[in-house]
Each structure stands twice: as C-alpha cells, then as structure tokens.
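Work through the following exercises with the model open beside you. Each task is followed by a solution in steps.

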Amino acid sequence: MDSRMLPTRFTQTNVGDMFIVRNAGNLVPHANLCGHEEITTEPAALELGCVINGIKHVIVCGHSDCKAMNMLHMMRNSDRTLQEMLKLSPLKAWLMRHGHSSAGKFAQLELSNFQAPLVFQAETPMRRFIAYIDPDNKFSEEDKLSQVNTLQQLQNIASYNFMRDGLTRGRVYIHALWFDIYTGDIYYFSRQQKMFVDVNENNMEKLEEEVLKYYT
Ligand SMILES: [Zn+2]
C-alpha cells in the first residue's frame, strides 16, 4: 500500500489487465490463520480473481524500504503476546500474526549469516524451490526480510482449498516480484536462477522463456 509503489506503472498494465490487492506488508494470511470466525479480504480476493474470474498468474509484489517490514524486523524478537499487541497496535498485531512465518524464515537466514539458501513452497507442497536471498549483499537486513516475506506469501496463497485445484492442474501459477523504490529496478524471482533477478533489456528474453516454459 506504499504510496511510492505504482504497480500499474512499473508493470505497464492497462485497464482490464490486473486485479490489485494492497495491504500493509503484502501479507496473505495462511488458511490456518483464517479461523471460523475471522476472514480477511486477501483470500476473498484470491477467490474472486482465480476462481470466479479465471486469473492464471498471481504475483506477490514486495518492495524495498517497506515500513511494515521495517517494523516486523524491529519486533521480530519481541516477547509480547498477540493479545497485548492487539491492544497496542492493529498494525503490529497484523504483522505479528501474519508475518510470523516470514520472521521465522528470516531467523534461519540470520543463523547462516545470510549465506544459506532457504526453501519455500510454491503451487503445491511437492513444488518447492530454493532461494538465495540477496547473494550480492546489496540490501539492508530489512530489505532481505522483505524479500523473504514476499516469497513466503506464495505458500500462504497455496494454503487455501479453493486454490488447490487450479494450482495442482496448472491453471494457476504464483510468482514473486520485488520493487526497489529508490532505483526503480524490478526484480523477478527466477526459480531457475534461485534468486530475485533484476529485470532488464539483457535478460528479459531469458526470463520470458522461463515463464513460458514452466508456467504456461
Ligand atoms: Zn510496504
């Protein structure tokens, strides 16, 4: 929801091309965290897009200097309970509840001194991929967390029963983009290259090939 992010501009999309859902931290609640009595707009929007309107590609887009991710980074080792957070701040409670799994993955990364690859799940539990986070060490810890968080949402999208059929039969694919607000660079997560790759004129064709080969 960052005011510096204009997805229709950086994806050069037009009327009718894209459904957009924006929220603090580009978080998709995991199905297990949407209980019987609570529902959030993100899964409802996924159903509207993928089941009712037949969308084939879902893209989670994160970005640099994300204020929500900066906050999650700051509170990642907090020992406050969710109940306490709910009283204090809806934003912190939202991040604690739905950013918890990203913070856990980030802790793994920290343990390896940001060197070891992480494993994420995509369309199905069997379809896992490996990710090296910021191997050139260009970004801050907060931005690394933002990239981890963006990839973690793929698994959360796949956690919904109503998505399962489309995802297992290859009618729906999930991707990750990451936008560097300060340079305007757009990164596509390449499962082939196991990292976020800066999309530019030199590699556009190669990335297109990857998308066509694996995700159509
Ligand atoms: Zn943000």
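**Exercise 1. Charges**

How far apart are the mean positions of the positive and negative charges of the protein chain?

Solution. The model is predicted. Step one is to list the charges: the protein chain has 22 positive and 25 negative ones. Step two is to take the mean position of each set; these two points are 5 Å apart.

**Exercise 2. The chain as a whole**

Task: describe the fold of the protein chain in terms of helices, strands and compactness.

Solution. Begin with the secondary structure: the protein chain has nine helices and six strands. Next, compare its radius of gyration with the globule rule. The radius is 17 Å, close to the 17 Å that the rule gives for 216 residues, so the chain is as compact as a globular protein of that length. Along the principal axes, the C-alpha atoms fill a box of roughly 50 × 40 × 35 Å. Then turn to burial and surface. Of the 216 residues, 45% count as buried. The chain exposes about 12,000 Å², and carbon and sulfur atoms supply 53% of that area. Finally, look at the contacts between residues at least 6 apart in sequence: 60% of them join residues at least 24 apart.

**Exercise 3. The zinc ion**

Task: identify the protein donors of the zinc ion and describe the surroundings of the histidine among them.

Solution. The donors are NE2 of His63 and SG of Cys66, which lie 2.1 to 2.3 Å from the ion. Both residues are buried. Histidine 63 is part of strand S1. Its relative accessibility is 4%, and because buried means under 20%, histidine 63 counts as buried. Leaving aside neighbours within four places in sequence, histidine 63 is in contact with Asp2, Met5, Ser146, Trp178, Phe179 and Ile181.

**Exercise 4. Two positive phi angles**

Task: for aspartate 65 and asparagine 137, give the phi angle, the location, and state whether each is buried or exposed.

Solution. Take aspartate 65 to begin with. Its phi is positive, about 45°, although it is not a glycine. Aspartate 65 lies in the loop between strand S1 (57–63) and H3. With 15% relative accessibility, aspartate 65 counts as buried.

Now take asparagine 137. Its phi is near 50°, again a positive value in a residue other than glycine. Asparagine 137 sits in the loop between strand S3 (128–131) and H7. Its relative accessible area is 57%, so asparagine 137 is exposed.

**Exercise 5. Helix H3 and its partners**

Which residues of helix H3 are buried, and against which helices do they pack?

Solution. Helix H3 covers residues 67–75, and its buried residues are Ala68, Met69, Leu72, His73 and Met75. To read this list, recall the geometry of a helix. An α-helix has 3.6 residues a turn, so residues three or four places apart point the same way. The buried residues of H3 pack against helix H4 (82–88), helix H5 (90–98), H6 and helix H7 (141–157).

One residue of H6 can be added here. Serine 102 lies in helix H6, which covers residues 100–111. Serine 102 is buried, with a relative accessible area of 0%. Not counting residues up to four places away in sequence, serine 102 touches Leu145, Val148, Asn149, Gln152 and Gln153.

**Exercise 6. Sequence distance and spatial distance**

Task: compare three residue pairs by their separation along the chain and in space.

Solution. Pair one: isoleucine 174 and histidine 57 are 117 residues apart along the chain, and their C-alpha atoms are separated by 5.8 Å. Isoleucine 174 is in strand S4 (residues 173–179) and, at 1% relative accessibility, counts as buried. Its contacts beyond four places in sequence include Val58, Ala122 and Leu154.

Pair two: serine 3 and glutamate 123 are 120 residues apart in sequence, and 30 Å apart from C-alpha to C-alpha. Serine 3 lies in the segment before helix H1 (7–10), and is exposed, with a relative accessible area of 70%.

Pair three: valine 211 and histidine 175 are 36 residues apart in sequence and 9.5 Å apart in space, C-alpha to C-alpha. Valine 211 is in helix H9 (residues 204–214) and counts as partly exposed at 23% relative accessibility. Beyond four places in sequence, valine 211 is in contact with His175, Tyr188 and Thr216.

Methods:
Residues numbered from 1 in each chain as written. Predicted model: local features only at pLDDT ≥ 70, side-chain atom pairs only at ≥ 80, totals over all residues. Heavy atoms only, no water. Helix = DSSP H or I, 4+ residues; strand = E, 2+ residues; numbered from the N terminus. Rg over C-alpha atoms; globule rule 2.2 N^0.38 Å. Buried < 20%, exposed > 50% of the residue type's maximum accessible area, 1.4 Å probe, protein only. Contact = heavy atoms within 4.5 Å. Areas by Shrake-Rupley, 256 points an atom, 1.4 Å probe, with all protein chains shown as cover. Lys, Arg positive; Asp, Glu negative; His and termini not counted. Charge placed at Lys NZ, Arg CZ, Asp CG, Glu CD. Donors = N, O, S within 2.8 Å, 3.2 Å for Na, K, Ca; no water.
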